[in-house]
Amino acid sequence: MNRGLIAALAATLAAVWYVAGMDDATDVEPATPDSRRPSSAARAVAAAGEAPGVLIADAPVRAAAEVGRDLFASHSFLPPAPSPAALAAAAARKGPPPAPVAPPLPFRYQGKLMEEGGITVFLAQGDRILPARAGDLLNNQYRVESVTAAAITFMFEPLKQRQTLTIGSAP
């Protein structure tokens, strides 16, 4: 095991000595202007401005312009917000917004009780059973306008829209 470590150390030292000797080599020929000429693809990329900071002999150096840029500034990848003029033009193309509509009735008819004072209906909303008579306000939104043997008429108070729940035919 000791011999393996010594061999690895010797190989490492030989590699370092070899690489250090390459820097001192003086037989390297200087580059001619023709050998430094970038390829046509590299010139096209540099001309289009696609590669800032790429140093090409014929392209302007862009790296110096980016030195003053704040590297830690926050950046958003969202598209820019449309201008107010563009929003107004889009709204003009769409026309006026549709009128609001009352939601579907949240009640199901469960039964009715006919008394001398009028008709009381029993409505289900989820797990609850609600007794209702004409004039009652349910859920602070639905006013019971009328109760007949065939239908219940509600007024959806926020929009003042009428809705009818059919409960069957008259007896």
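Which residues make a nonpolar surface patch of about 420 Å²? In this predicted model, the patch is made by Trp17, Tyr18 and Val19, and the legends below begin with an overview before turning to that patch and to other close-up views.

**Figure 1. Overview of the predicted model, with its helices and strands.** The protein holds three helices and seven strands, and when the chain is followed from the N terminus the elements run α-α-α-β-β-β-β-β-β-β. The protein has 171 residues, of which 17% count as buried, and it exposes about 13,300 Å², with carbon and sulfur atoms supplying 61% of that area. Among the contacts between residues at least 6 apart in sequence, 22% join residues that are at least 24 apart.

**Figure 2. Close-up of the nonpolar surface patch made by Trp17, Tyr18 and Val19.** The patch covers about 420 Å², and one of its residues, Tyr18, has its place in helix H1, which spans residues 2-23. Tyr18 has a relative accessible area of 54%, and because the cut-off for an exposed residue is over 50%, Tyr18 is counted as exposed.

**Figure 3. Close-up of the open sheet formed by three strands, S1-S2-S3.** The three strands follow one another in the order S1-S2-S3, and their pairing is antiparallel. Strand S1 (108-115) and strand S3 (128-132) are the edge strands, each of them pairing on one side only, and from one strand to the next the twist averages 20°. Strand S1 and strand S2 (residues 118-125) run antiparallel and are joined by seven bridges; within this pairing, Tyr109 has Leu123 in S2 as its bridge partner.

**Figure 4. Close-up of Thr120, a residue of strand S2.** Thr120 has a relative accessible area of 8%, and because a residue counts as buried under 20%, Thr120 is placed among the buried residues. When its neighbours within four places in sequence are left aside, Thr120 is in contact with Gly111, Lys112, Leu113, Glu115, Pro131, Ala132 and Arg133.

**Figure 5. Close-up of the open sheet formed by four strands, S4-S5-S6-S7.** The strands of this sheet lie in the order S4-S5-S6-S7, with antiparallel pairing. Strand S4 (137-138) and strand S7 (161-166) stand at the edges and have a single partner strand each, so one side of each is left without a neighbour in the sheet. Strand S5 (residues 142-147) pairs with strand S6 (residues 151-156) in the antiparallel sense over five bridges, and Ser146 stands opposite Thr153 in S6.

**Figure 6. Close-up of Asn140, in the loop between S4 and S5.** Asn140 is a residue other than glycine, yet its phi has a positive value, near 55°. With a relative accessibility of 68%, Asn140 counts as exposed.

**Figure 7. Close-up of Lys160, in the loop between S6 and S7.** Phi of Lys160 is near 55°, which is again a positive value in a residue other than glycine. Lys160 counts as exposed as well, at 55% relative accessibility.

Conventions: Residues numbered from 1 in each chain as written. Predicted model: local features only at pLDDT ≥ 70, side-chain atom pairs only at ≥ 80, totals over all residues. Heavy atoms only, no water. Helix = DSSP H or I, 4+ residues; strand = E, 2+ residues; numbered from the N terminus. Buried < 20%, exposed > 50% of the residue type's maximum accessible area, 1.4 Å probe, protein only. Contact = heavy atoms within 4.5 Å. Areas by Shrake-Rupley, 256 points an atom, 1.4 Å probe, with all protein chains shown as cover. Pairing = 2+ DSSP bridges. Patch = residues over 30% accessible without salt bridge, like charges linked within 9 Å, V, L, I, M, F, W, Y side chains within 5 Å. Salt bridge = Lys/Arg side-chain N within 4 Å of Asp/Glu carboxyl O. Axes fitted to C-alpha atoms, helices over the stretch in contact; angles between N-to-C directions.
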